[in-house]
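Biologist: I'd like to learn how to read a fold like this one. Can you walk me through it, one feature at a time?

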Amino acid sequence: MEVVIVPDAMAGGELIAEAMAKLLRRKPDALLGVATGSTPLPVYEALAAKVRSGAADVGRARIAQLDEYVGLPADHPESYRSVLRREVLEPLGMGMDQFTGPDGTAEDVQGACEAYDKALSDAGGVDLQLLGIGTDGHIGFNEPCSSLASRTRIKTLTEQTRIDNARFFDGDIDQVPHHVITQGIGTILEARHLVLLATGEGKADAVAATVEGPIAAVCPASALQLHPHATVVVDEAAASKLKLADYFRHTYVNKPEWQGI
């Protein structure tokens with residue numbers, strides 16, 4: 001696992017967007033896995049700027065969704081499909097025909113989960129999966145003690161998660177769905193390159209457990225240690241609990257420039 005410590009969120013966004021741009025130059029029809037939330041927004045903003053300047057071409061690129069609410073209509077403004085349309089597809093000038101995601105409105109939810117896993121496989125697999133991390137170490141909606149071999153499946157949201165997400169639903173927790181579909185950890189690990197972005201002191205403990213702790217289901221993100229190409233990009237605040245921070249800085253500064261991340 002490579003750890004890259006950057007000055008701030010904007011620098012992290014630029015670094016990851018450049019990695020995406022390089023991937024697209026090498027493989028124009030790359031499948032990019034994206035996450036929702038505030039943390040990845042600098043990545044999408046930097047990539048959109050590259051598209052506008054001609055430094056990146058997403059004309060043939062494809063976007064894959066990480067998770068989705070169950071029972072929320074696809075056109076609901078807070079469905080993750082709608083959020084990604086606003087925050088990723090439209091700024092990049094991409095259409096919904098370049099997007100794939102799980103069907104959160106399906107009557108057969110388990111069937112929809114299995115169908116999404118198959119769709120990702122049929123698409124050739126995710127080339128680069130962008131991830132955020134929760135303060136408890138969760139990735140996607142794989143909460144602590146999720147199986148490290150899990151596939152795309154339905155998960156029940158904790159009460160705290162529903163309270164936290166109520167701000168997107170006019171502060172009304174009753175509007176927040178109880179269930180989500182999420183790529184499992186086993187599914188996530190099948191992406192060719194995993195890039196986790198974490199910013200802020202509140203993520204420091206989770207980052208330290210992910211990078212320097214044991215591989216354990218209590219910290220789902222620690223499964224990234226099993227991946228042959230995993231990159232953790234953190235700002236100084238999120239890196240503040242890393243014992244090997246100086247080592248990570250040294251190795252990144254001295255790595256061959258052509259390697260990228």
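**Reading the fold**

Modeller: Let's start with strand β1 (residues 2-6), which is mostly covered: four of its five residues are buried. Keep in mind that this is a predicted model.

Biologist: Fine. How do I read strand pairing, and which strand is joined to β1 by five bridges?

Modeller: The general idea is that strands of a sheet pair through backbone hydrogen bonds, either parallel or antiparallel. Here the partner of β1 is strand β10 (residues 230-235), and the two run parallel. You can check the register by eye: valine 4 has valine 233 as its bridge partner in β10, and isoleucine 5 stands opposite valine 234.

Biologist: What other strand pairs with β10 over five bridges?

Modeller: That's strand β9 (residues 193-198), again in the parallel sense. Look at valine 234 once more: alanine 198 has it as bridge partner.

Biologist: Is β10 enclosed or open to the outside?

Modeller: Enclosed, largely, by the rest of the structure, because six of its six residues are buried. Both faces are covered: Ala230, Val232 and Val234 are buried on one side, and Thr231, Val233 and Asp235 are buried on the other.

Biologist: Now zoom out. In what order do the strands of that open sheet come?

Modeller: Seven strands, in the order β1-β10-β9-β6-β2-β3-β5, with parallel pairing. The edges are β1 and β5 (99-100), each of which pairs on one side only.

Biologist: And which helices lie across β2, β3 and β5?

Modeller: One is α3, which runs at about 145 degrees to β3 (62-65) while lying across β2 (31-34), β3 and β5. Another is helix α4 (residues 109-122), which lies across those three strands at about 155 degrees to β3.

Biologist: How would I describe two helices packed against each other?

Modeller: Two packed helices are described by the angle between their axes and the distance between the axes. Take helix α2 (residues 41-53) and helix α3 (residues 80-92): their axes come within 9 Å and cross at roughly 10 degrees. Angles under 35 degrees count as roughly parallel, so α2 is roughly parallel to α3.

Biologist: Which residues of α2 and α3 meet there?

Modeller: From α2 you have Leu41, Tyr44, Leu47, Ala48 and Val51, and from α3 you have Glu87, Val88, Pro91 and Leu92. Sorted by class, that contact has eight nonpolar residues, no polar ones and one charged residue.

Biologist: Back to sheets. Where do I find antiparallel pairing?

Modeller: In an open sheet of three strands, ordered β4-β8-β7. Its edge strands are β4 (67-69) and β7 (153-156), each pairing on one side only. Neighbouring strands in this sheet are turned by 30 degrees against each other on average, direction ignored. For a closer look, β7 is joined to strand β8 (residues 179-182) by four bridges, and arginine 153 stands opposite threonine 182 in β8.

Biologist: Aromatic rings next. How many aromatic pairs does a search of the whole structure find?

Modeller: Four. One of them is tyrosine 69 with tyrosine 80, a stacked pair at 4.7 Å centre to centre, with 25 degrees between the planes. Tyrosine 69 lies in strand β4 and tyrosine 80 in helix α3, so the pair ties together parts that are 11 residues apart in sequence.

Biologist: Are those two tyrosines buried or exposed?

Modeller: Tyrosine 69 is buried, with a relative accessible area of 1%. Tyrosine 80 is buried as well, at 11%. Ring pairs also link Tyr69 and Tyr80 with Phe141 and Phe169 into a cluster.

Biologist: One last exercise: how do I read a single loop residue, say alanine 238?

Modeller: Place it in the chain, then ask what surrounds it. Alanine 238 sits in the loop between β10 and α8 (245-253). A residue counts as buried under 20% relative accessible area, so alanine 238, at 0%, is buried.

Biologist: What does alanine 238 touch beyond residues up to four places away in sequence?

Modeller: Ala198, Thr199, Gly200, Glu201, Lys203, Ala204 and Val207. Alanine 198, the residue we met in β9, is 40 residues from alanine 238 in sequence, yet their C-alpha atoms are 6.3 Å apart in space.

Technical notes:
Residues numbered from 1 in each chain as written. Predicted model: local features only at pLDDT ≥ 70, side-chain atom pairs only at ≥ 80, totals over all residues. Heavy atoms only, no water. Pairing = 2+ DSSP bridges. Axes fitted to C-alpha atoms, helices over the stretch in contact; angles between N-to-C directions. Parallel < 35°, antiparallel > 145°, perpendicular 65-115°, else oblique. Contact = heavy atoms within 4.5 Å. Nonpolar A, V, L, I, M, F, W, Y, C, P; charged D, E, K, R; others polar. Phe/Tyr/Trp six-rings, centres within 6.5 Å; stacked < 30°, edge-to-face > 60°. Buried < 20%, exposed > 50% of the residue type's maximum accessible area, 1.4 Å probe, protein only.
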